[in-house]
Amino acid sequence: MADDDTLGTIHALVDEEHRLRGHGEAINDDDRARLAQIEEQLDQCWDALRRRRAGRDFGGDPGEATAKQVHDYLQ
C-alpha cells in the first residue's frame, strides 16, 4: 500500500471513528467493538506509514525500516 493509500485509509477510519463517537452516551456494544477495531487498524496504518517514511529517510528499503530508524524518524 502506497503512502497516499494508507493516508486515505487513515482518513476514512478517523471519519468513521468520529461518527461513532458522536453517538455519545448512546453507543452500543457493536459500536464499542467497531471502535476497538478502528483503533487497532489506525495503529497498524500509522506504524506502516512511519516505517516506510523512516526507511526512505534513512536511504533504505521503505518497507524494511528498523525499530531504531522509526524511533529516530519520530524524534
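A residue is called buried when its relative accessible area is under 20%, exposed when that area is over 50%, and partly exposed in between. By that yardstick Glu39, at 36% relative accessibility, counts as partly exposed. The structure described here is a predicted model, and its chain has 75 residues, of which 25% count as buried. The points below begin with the chain as a whole, and then turn to its salt bridges and to helix α2.

**The chain as a whole**

- The secondary structure comes to 3 helices and 0 strands, and the order of the elements from the N terminus on is α-α-α.
- Among the contacts in the chain with a separation of 6 or more, 38% are between residues that lie 24 or more positions apart.
- The accessible surface of the chain comes to about 5,100 Å², and carbon and sulfur atoms account for 48% of that surface.

**Salt bridges around Arg21**

- The chain has 6 salt bridges by the rule applied here, and one of them joins the side chains of Arg21 and Glu17, with 3.3 Å from N to O.
- Arg21 and Glu17 both belong to helix α1, which covers residues 3-21, and because they are 4 residues apart in that helix, about one helical turn separates them.
- An α-helix has 3.6 residues a turn, so residues three or four places apart point the same way.
- The two partners differ in their exposure, since Glu17 is buried with a relative accessible area of 14%, whereas Arg21 is partly exposed with a relative accessible area of 44%.
- Arg21 also forms a salt bridge with Glu39, in which the closest N and O atoms are 2.7 Å apart.
- This second pair links distant parts of the chain, because Arg21 lies in helix α1 and Glu39 lies in helix α2, 18 residues apart.

**A salt bridge within helix α2**

- The side chains of Arg32 and Asp29 meet in another salt bridge, at 3.1 Å from N to O.
- Arg32 and Asp29 are 3 residues apart in helix α2, which means that about one helical turn separates them.
- Arg32 is partly exposed, with a relative accessible area of 43%, while Asp29 is exposed, with a relative accessible area of 60%.
- Elsewhere, salt bridges that share partners join Glu17, Arg21 and Glu39 into one network.

**Helix α2 and its ends**

- Helix α2 has 29 residues, which at 1.5 Å a residue should span 42 Å, and this agrees with its end C-alpha atoms, which are 42 Å apart.
- At the start of α2, a side-chain oxygen of Asn28 reaches to within 3.0 Å of the backbone nitrogen of Asp30.
- Gly59, which follows α2, has a positive phi, near 75 degrees.

**Buried residues of helix α2**

- The buried residues of α2 include Leu35, Ile38, Leu42 and Leu49, and also Asp31, Cys45 and Arg52.
- Arg52 is found in helix α2, which runs over residues 29-57, and Arg52 counts as buried because its relative accessibility is 14%, where the cut-off for buried is under 20%.
- The side chain of this buried arginine, Arg52, makes a polar contact with the side chain of Thr6, at 2.6 Å.

Note on methods: Residues are numbered from 1 along each chain as its sequence is written. This is a predicted model: local features need pLDDT of at least 70, side-chain atom pairs count only at pLDDT 80 or more; totals for chains, interfaces and linings use all residues. Side-chain values use heavy atoms; hydrogens and water are left out. Helices (H or I, at least four residues) and strands (E, at least two) are DSSP runs, numbered from the N terminus. Buried means under 20% relative accessible area, exposed over 50%, partly exposed in between (1.4 Å probe, protein chains only). A polar contact is a pair of N or O atoms within 3.5 Å; within protein, one must be able to donate a hydrogen and the other to accept it, and residues adjacent in sequence count only if both atoms are side-chain atoms. Contact means heavy atoms within 4.5 Å. Accessible areas come from the Shrake-Rupley method with a 1.4 Å probe; for residues, only the protein chains shown count as cover. A salt bridge is a side-chain nitrogen of Lys or Arg within 4 Å of a carboxyl oxygen of Asp or Glu. The expected span of a helix is 1.5 Å times one less than its number of residues.
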